[in-house]
Amino acid sequence: MSAAVPGGLGREVVLTLSGPDRRGIVHAVTGAMVGLDLNILDSQQFGDDSTGEFHLRMHLQGQGPIDTERLEVARAQLAAELGADVEIHDPHEPHRLLIMVSRQGHVLNDLLFRVRTGQLNVVVPAVVSNHEDFRAEVEWHGIPFHHVPVTAATKPQAEARLREIIAAARVETVALARYMQVLSERMCADFPGRVINIHHSLLPSFKGARPYSQAHDRGVKVIGATAHYVTADLDEGPIIEQDFRRVDHRMSPAQLAATGAELEAMAFGRALRWHVERRVVLRGRRTIVFD
């Protein structure tokens, strides 16, 4: 994610800031933006007492096309003055999202619908799968489909191919839409904060296979789903969003699975939207999410 101002800005920008907390940060940022004749549409902030950091997301609008050179000067001055990471983003520039899937298509279907109807401001340059099941559906949407089979023996070659696709398609974020393969430690390390997974339970409970049967056997009263950033620690990455629903003894494993599928799609859709809109601040094992 570049800190520099992108070219060709229109009338709106999103400014994000993360750095050491101190007095006067909001005053400094607001003053700089007013000096550029920008109006604040929305501003959210969080001072983290546990780390001594301050985080800010500000959505701004100009009366006409924004002067990118003046904005970049202001951004650089704020970063130097506050000792903070200050970034500028175009909220209307579509995010380039690669989707990966295996043999369960409910999350893929939901994402493709959100993209097609404009609910997610993304472009999907490719879908990658280790199976052929969803080729026809993906290509019906006009999206290139890449079959990249994976076995324990061919995992390095498969990830090399995945890297080629990511580079060629200029992918910004990878969405694991029920992609049932574990990425290598090196892959996770090379794309920090750029790979998001949907897990079929409220982490850390009921890991592994057949989570809804496990939940049924234990007589749980709540099931859910967890969207999180992928790290080398399996299913331990920073959590972006969770959704849940109360259940009871009358529901079969199949009914639990159907309910869980709905929760997975909803939680993943929200997590990706917040990520694309620069509402998520990733700090170590935690996230700060501006609504």
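This report describes selected strands, helices and individual residues of one protein chain. The structure is a predicted model.

**The ACT span and its strands**

The unreviewed UniProt entry lists residues 14–91 under "domain: ACT". The end C-alpha atoms of this span lie 6 Å apart, and its content is 33% helix and 42% strand.

Strand β3 (residues 53–62) is mostly covered, with nine of its ten residues buried. Strand β1 (residues 12–20) runs antiparallel to β3, and nine bridges join them. In this pairing, T16 stands opposite R57 of β3. Strand β2 (residues 38–48) also pairs with β3 in the antiparallel sense, over ten bridges. Here S43 stands opposite M58 of β3. β2 and β3 form a hairpin with four residues between them, and G52 in the turn has a positive phi of about 75 degrees.

One residue of β1 may be examined more closely. S18 has its place in strand β1. Is S18 buried or exposed? Its relative accessibility is 14%, and the limit for a buried residue is under 20%, so S18 counts as buried. Not counting residues up to four places away in sequence, S18 touches F54, H55, A84, D85, V281 and R283. With one of these, H55, the side chain of S18 makes a side-chain polar contact of 2.9 Å.

**Two helices with a buried side**

An α-helix has 3.6 residues a turn, so residues three or four places apart point the same way. Helices α1 and α5 can be read with this in mind.

In helix α1 (residues 25–35), the buried residues include I25, A28, V29 and M33. Seen down the axis of α1, the buried residues fall within an arc of 125 degrees, so they line one face of the helix. On the other side of α1, H27 and V34 are exposed. The cover over the buried residues of α1 includes β1, β2, β3 and α2 (68–82). Just after α1, D37 takes a positive phi of about 60 degrees.

Helix α5 (residues 155–168) has 14 residues; at 1.5 Å a residue it should span 20 Å, and its end C-alpha atoms are indeed 20 Å apart. In α5, the residues A158, E159, L162, I165 and I166 are buried. They cover an arc of only 115 degrees around the axis, which means that they lie on the same side of α5. The face turned away from this buried side carries the exposed residues P156, Q157, A167 and A168. Among the elements that cover the buried residues of α5 are β5 (95–101), β7 (127–129), β8 (145–147), β9 (173–176) and α6 (185–190). Just after α5, R170 takes a positive phi of about 50 degrees.

The positive phi values mentioned above are set out in the table.

| Residue | Place | Phi |
|---|---|---|
| D37 | just after α1 | about 60 degrees |
| G52 | turn between β2 and β3 | about 75 degrees |
| R170 | just after α5 | about 50 degrees |

**The annotated residue D235**

The UniProt annotation "active site", from an unreviewed entry, covers D235. Where does D235 lie? D235 is in the loop between β11 (222–229) and β12 (239–246). With a relative accessible area of 15%, D235 is buried. Leaving aside neighbours within four places in sequence, D235 is in contact with N197, H199, L203 and H228. The side chains of D235 and H199 are joined by a polar contact of 3.4 Å.

Terms used: Residues are numbered from 1 along each chain as its sequence is written. This is a predicted model: local features need pLDDT of at least 70, side-chain atom pairs count only at pLDDT 80 or more; totals for chains, interfaces and linings use all residues. Side-chain values use heavy atoms; hydrogens and water are left out. Helices (H or I, at least four residues) and strands (E, at least two) are DSSP runs, numbered from the N terminus. The expected span of a helix is 1.5 Å times one less than its number of residues. Buried means under 20% relative accessible area, exposed over 50%, partly exposed in between (1.4 Å probe, protein chains only). The arc is that of the directions from the helix axis to the C-beta atoms. Contact means heavy atoms within 4.5 Å. Two strands pair if DSSP finds at least two bridges between them. UniProt positions are given in the numbering used here, feature names are shortened, and annotations may be inferred rather than shown by experiment. A polar contact is a pair of N or O atoms within 3.5 Å; within protein, one must be able to donate a hydrogen and the other to accept it, and residues adjacent in sequence count only if both atoms are side-chain atoms.
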